[in-house]
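Grab a pencil and work through these exercises with the structure open beside you. Try each task before you read its solution.

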Amino acid sequence: MVKISDESMWLSGNEAIALGAFEAGVRVASGYPGTPSTEILENLCRYDGVYTEWAPNEKVGLEVAIGASFAGVRALATMKHVGLNVAADPLFTASYTGGRGGLVVVTADDPEMHSSQNEQDNRNYAFAAKVPMLEPSDPAEAKEFLKLAFALSEELDTPVLFRITTRVSHVKGVVKKGKMEASSAAAGIEKVPGKFVMLPALARKRRVAVEQRMLKCRDMAEILPCNRVEKGSSNRGFITSGVSYLYVKEAFPDAAVLKLGMCWPLPEAKIRAFAASVEELYIVEELDPFLELHIKAMGIACHGKDLIPNQGELNTAIIRSAIDPSQTPDLFPAVDLPPRPPNMCPGCPHRGIFFNLAKMKVFISGDIGCYTLGFLPPLSALDSTVCMGASVPIAHGMAKALGEGAHDKIVAVIGDSTFMHSGITGLINTVYNNSASTLIILDNRITAMTGQQQNPASGCNIKGDPAFAIDIEALCRAVGVRHVFVVNPHKVPETRKVLEEAIALTEPSVVISRAPCVLLPEMKVRKTVTFYTQQDNCVGCMSCIRLGCPAISWTAFAEGEAEARGYKKSQKGISRIDEILCNACGQCASLCKFHAITQEGE
Amino acid sequence: MRTTGNILFSGVGGQGILLASEITAYSLLAAGFDAKKSEVHGMAQRGGSVTAQLRYGDRVYSPLIEPGRADIQVAFEMMEAVRYLPYLHKDSKVIVNTQRILPPSVATGKTAYPEEVLDKLTGQGIEVVCVDAFELARKVGEVRTANMVMVGALSVFLPIDPAVYEQVIGARVPAKFREVNLLAFAEGRKASS
């Protein structure tokens, strides 16, 4: 967070939401890390007077927030878009119960899938769960809208969904400080079973209340300042929301715009009046035709997804050329270059596991985390990835489908945090229904992909203070796994032997691959003795190169160069370790049979 | 009303691009501009090709630079100077740190690092300013200030008084690294002046 003046700061959308939560008087906030939502709680945990935590998954996070709301305080749950699938169960019934203190659920969607496995449009959840949704366009609005969301939640007795996208979360802009607010509820125990006990007879009554609330909300949507008309030329009118509004303003600066800060429920009278005031109406929105479908259902003619793409992020140029094809710019052509995909870090413990698995002729059922990068060449050791926790049941399902002969053909690979999130129930199923699939838990002591968040197995809480650390080995034994192995993945050949033993078993087995993430602060400050190549000994076998470590590179010999430099004539080149990049994991040294990789001073 | 300026930062995850774009953004704000900056976190940062997009003017709406409209690109690696060519126009300036970082397909011997890669820019008539940021950072005594050398090289082309930058660096960099970062900034200015 950076101060520009006494009143204004330069904040990302996520930092602005944290400030908004603080100014709104939030007392309890819970969530699970997920790009692009992670920095909300990472920032909020630094404010005084608000309890924050990382929950093991988004469902638990939302349920914690519901509990806090029931206790009469303002509560926030944060998650990425796919996290709301996990938390959908409590959301749909919290819509019926409402709460006491304001309850806001942030869903951070990721159009374009910068760091996600799908690009679902979570505005559909607002319609389906019958709750209001606010959608800010930039960091300044994100902070103001979050405070509005809490006020609406308490006034309407409903959870409020708060949708941001990558280009709000990870955009920085100027944000002004605001006034502190407080809940209209009082903290304490208040028993209201008619609201909080959703057995069928009571739920049917609340179902009616939900409908009345949404009618009231629709009336409010007509007058809320966040739904505003910006006057302009009447030839073309645009209805838009979220980040799409910013692109419309740049592509068509003179056009009339109806900006919807609340994208559900919709202000029908306002939309009708706006539609009648313009000659042609365009609906500009990222992903699904959400506004468009509901506006068309009002019987209003408009353009939308007939022109605007329904996939990926939008930007100013896409909108301008979709609506005015004559405005398509003449661009320099892209140059064909070697791709530079993300890669596991030098010294990443996952590399040792995937290097081995790639050679083992097994189906590798993967999961969500840094280790999804095991898919990329040269390791190319991942055969499926669906969602958090899915690796374990998918492996079990495949093993059941293929029968007895497949006991040594299927492995599941999951990280420590993802195992805590939703892998444990899958493992219980594997044991209970008895398949011989092998689960490999990549325990690097942290939630790494999202940038080093603590989890129930890491030994610290969100603030970095000591917390109980689940013993993963004991947990696996407790759910009934009889064969639990622990390996150091940096010792590549030894790990291979353990993997072979576990995979050959005809009963459920777990291999815990235990080595800390190299990005952990304690790993960064350690004094490492890097490995280097004794190039005289290198025979060019490429064993180390096949690890795909960013610190190791291959130099091909030119014609006749091998002999001239004293190598065998047939040698094609030599490998070299970049000592600046090397993190001293030693995987390459454990593979080198020619003493060509060694540590200085040895 | 001033037109909106567009600065594209590109490089490889871990090179300090986010900090360089932050220092530039603070300086633009301190000089009285509105600004917005867009960056991508998460999986993309793991050693992959990364960008940050910084826009400034009287009032900035969109956080994203349109293809064909980047006025200045600051590239921290040579191939990453060329990857975003469709974002440039004929009057764009590209400031390049003349460093090579091998992508996996090159490091494993599958493909070669393209020869004379910057010719792809100059061949389109684009002005390229080469800066050996690593060497200049070594010269001032701290190789980790290469990104501040690039901030300095960029500053020559922005409507900001160098004193504003010096104030911002003074305020944002921890005291014991302040002097060396200011030296790195000055070296960068010299390199592109």
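**Exercise 1: An unusual backbone angle**

In the predicted model, A:Lys130 sits in the loop that runs from helix H6 (123-129) to strand S7 (133-134) of chain A. Work out what stands out about phi of A:Lys130, and whether A:Lys130 is buried, exposed or partly exposed.

Solution. Start with the angle: phi of A:Lys130 is near 60°, and that is a positive value in a residue other than glycine. Next, count neighbours: 19 other C-beta atoms lie within 10 Å of A:Lys130. A residue needs 20 or more to be buried and 12 or fewer to be exposed, so A:Lys130 comes out as partly exposed.

Now repeat the steps for A:Gln452, in the loop between strand S17 (438-443) and helix H18 (472-478) of chain A. Its phi is near 70°, again a positive value in a residue other than glycine. With 17 other C-beta atoms within 10 Å, A:Gln452 is partly exposed too.

**Exercise 2: Cis peptide bonds**

Find where A:Pro36 and A:Pro378 sit, and look at the peptide bond that leads into each.

Solution. Take A:Pro36 to begin with: look in the loop between strand S3 (28-31) and helix H2 (39-44) of chain A. The bond from A:Thr35 to A:Pro36 is cis, with omega near 5°. Then go to A:Pro378, in the loop between strand S15 (363-365) and helix H16 (391-402) of chain A. Here the cis bond joins A:Pro377 and A:Pro378, and omega is about 5°.

**Exercise 3: A helix and its buried side**

Check the span of helix H10 (residues 200-223) of chain A against the expected one, then say which of its residues are buried.

Solution. H10(A) has 24 residues, and the distance from its first C-alpha to its last is 35 Å. At 1.5 Å a residue you'd expect 34 Å, so the two are close. The buried residues are A:Arg206, A:Arg213, A:Cys217 and A:Ala221. Here's a handy rule: an α-helix has 3.6 residues a turn, so residues three or four places apart point the same way. The packing partners of the buried residues of H10(A) include helix H5 (88-97), helix H7 (139-156) and strand S13 (262-264) of chain A.

**Exercise 4: Reading a sheet**

Give the strand order of the open four-stranded sheet in chain A, then pick out its edge strands.

Solution. The order is S10-S12-S11-S14, with mixed pairing. S10 (227-230) and S14 (280-284) of chain A each pair on one side only, which makes them the edges. On average, neighbouring strands are turned by 15° against each other, ignoring direction. Zoom in on strand S11 (233-240) of chain A: it runs parallel to S14(A), joined by five bridges. There A:Ile239 faces A:Ile283 in S14(A). Finally, helix H11 (244-251) of chain A lies across S11, S12 (255-260) and S14 of chain A, at about 160° to S11(A).

**Exercise 5: Where the chains meet**

How many residues does each chain bring to the contact, and which strands pair across it?

Solution. Chain A brings 49 residues and chain B brings 44. S2(B) gives the largest share of chain B's side, five residues. By type, chain B's side splits into 22 nonpolar, 14 polar and eight charged residues. For the pairing, strand S9 (171-176) of chain A and S2(B) are antiparallel over two bridges. A:Val171 is opposite B:Ser38.

Key
Residues are numbered from 1 along each chain as its sequence is written. Chains are lettered from A and ligands numbered from 1 in the order in which they are written. This is a predicted model: local features need pLDDT of at least 70, side-chain atom pairs count only at pLDDT 80 or more; totals for chains, interfaces and linings use all residues. Two residues are in contact if their C-beta atoms, placed from the backbone, lie within 7 Å. Ala, Val, Leu, Ile, Met, Phe, Trp, Tyr, Cys and Pro count as nonpolar, Asp, Glu, Lys and Arg as charged, and the others, Gly among them, as polar. Axes are lines fitted to C-alpha atoms, for helices over the stretch in contact, and angles run from 0 to 180 degrees between N-to-C directions.
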